[in-house]
Amino acid sequence: MEAAKKLSAQLAELGVKPEDIKAMAVSHTHPDHIGNVEMFPNTMLYVQKAEYDWPQPLGLGRFKPEHPVTKLEGDKDVFGDGSLTLISTPGHTPGHQSLLVKLPKTGAILLSGDAVHFKENWDNRRIPSGNTDQSATVASMQKMADILAKEHGQLWINHDKAQSATLKYSPAFYE
Ligand SMILES: [Zn+2]
């Protein structure tokens, strides 16, 4: 969970200021997934209602009450053109969501947050320890598998070190 280059430095490298960002989403509210939210105090935050309403995991504060938010109840085609779709994938936490990204050259990528945590869990349909709901986890894995099959997509697993080592990082990008 170490970032060699902080998000602020990555944005600066691209000439993007935090106030230029109009929309953001979090997969879920564990501390290693929401640490930068308040760097964007005026940016619309897309989060599942079940996650937003989940009482204080780990006893830590999460979002400022005044932060603009859209509380989702299920999947959301963010721009209405299918390019970015938030996919409800509960199980790791009550309102975990993934992000389906469709790129012209690369094709579909499913950014899965902590939905499966590690590749071995995905390969064996194993429920990661610490998940809040086992049956929801199984259903979410099936939903993800169906989407990947339909879209001929790649699954990106954020905490999988071996896979992460093969990916490009900012300022490199996928087309
Ligand atoms: Zn997590």
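**Exercise 1. Find the residue of β7 that stands opposite Leu 100, then describe the pairing around it.**

Solution.
Step 1. Leu 100 faces Leu 110 in β7. This is a predicted model.
Step 2. A second pair links these strands: Val 101 has Ile 109 of β7 as its bridge partner.
Step 3. Now take the strands whole. β6 pairs with β7 (residues 107-111) through five bridges, in the antiparallel sense.
Step 4. Check the connection. Three residues lie between β6 and β7, and the two strands form a hairpin.

**Exercise 2. Which strand is joined to β6 (residues 97-103) by five bridges and runs antiparallel to it?**

Solution.
Step 1. The strand is β5, residues 84-88.
Step 2. Pick one pair across this junction. Leu 86 stands opposite Leu 99 in β6.

**Exercise 3. Place β5, β6 and β7 in their sheet, and explain which strands stand at its edges.**

Solution.
Step 1. The sheet is open and has five strands, in the order β4-β5-β6-β7-β8.
Step 2. Its pairing is mixed. In general, strands of a sheet pair through backbone hydrogen bonds, in either a parallel or an antiparallel sense.
Step 3. The edge strands are β4 (76-77) and β8 (154-156). Each has a single partner strand, so one side of each lacks a neighbour in the sheet.
Step 4. Add the helix. α4 (residues 134-151) packs on this sheet and touches β5, β6, β7 and β8. The direction of α4 makes about 165 degrees with that of β7.

**Exercise 4. Work out the strand order and the pairing sense of the open sheet of three strands.**

Solution.
Step 1. The order is β1-β2-β3. The pairing is parallel.
Step 2. Find the edges. β1 (23-25) and β3 (69-72) each pair on one side only.
Step 3. Add the twist. From one strand to the next, it averages 25 degrees.
Step 4. Look at one junction. Three bridges connect β1 with β2 (residues 44-48) in the parallel sense. Here Ala 25 is opposite Tyr 46 in β2.

**Exercise 5. Is Arg 125 buried or exposed? Do the same for His 152.**

Solution.
Step 1. Locate Arg 125. It sits in the loop between α3 (119-124) and α4.
Step 2. Read its backbone. Phi of Arg 125 is near 50 degrees, which is positive in a residue other than glycine.
Step 3. Count neighbours. Arg 125 has 12 C-beta neighbours inside 10 Å, so it counts as exposed. The cut-off for exposed is 12 or fewer.
Step 4. Locate His 152. It belongs to the loop between α4 and β8.
Step 5. His 152 is not a glycine, yet its phi is positive, at about 50 degrees.
Step 6. His 152 is exposed because 8 other C-beta atoms lie within 10 Å.

**Exercise 6. How many of the eight residues of helix α1 are buried? Then inspect the residue just after α1.**

Solution.
Step 1. α1 covers residues 7-14. Its count of buried residues is zero. The helix is hardly covered.
Step 2. Gly 15 comes just after α1 and takes a positive phi of about 75 degrees.

**Exercise 7. What is the geometry of the peptide bond from Ser 170 to Pro 171?**

Solution.
Step 1. Read omega. It is near 10 degrees.
Step 2. Assign the bond. The bond from Ser 170 to Pro 171 is cis.
Step 3. Place it in the chain. Pro 171 lies in the segment after α5 (161-164).

How values were computed:
Residues numbered from 1 in each chain as written. Predicted model: local features only at pLDDT ≥ 70, side-chain atom pairs only at ≥ 80, totals over all residues. Pairing = 2+ DSSP bridges. Helix = DSSP H or I, 4+ residues; strand = E, 2+ residues; numbered from the N terminus. Buried ≥ 20, exposed ≤ 12 C-beta atoms within 10 Å, placed from the backbone. Contact = placed C-beta atoms within 7 Å. Axes fitted to C-alpha atoms, helices over the stretch in contact; angles between N-to-C directions.
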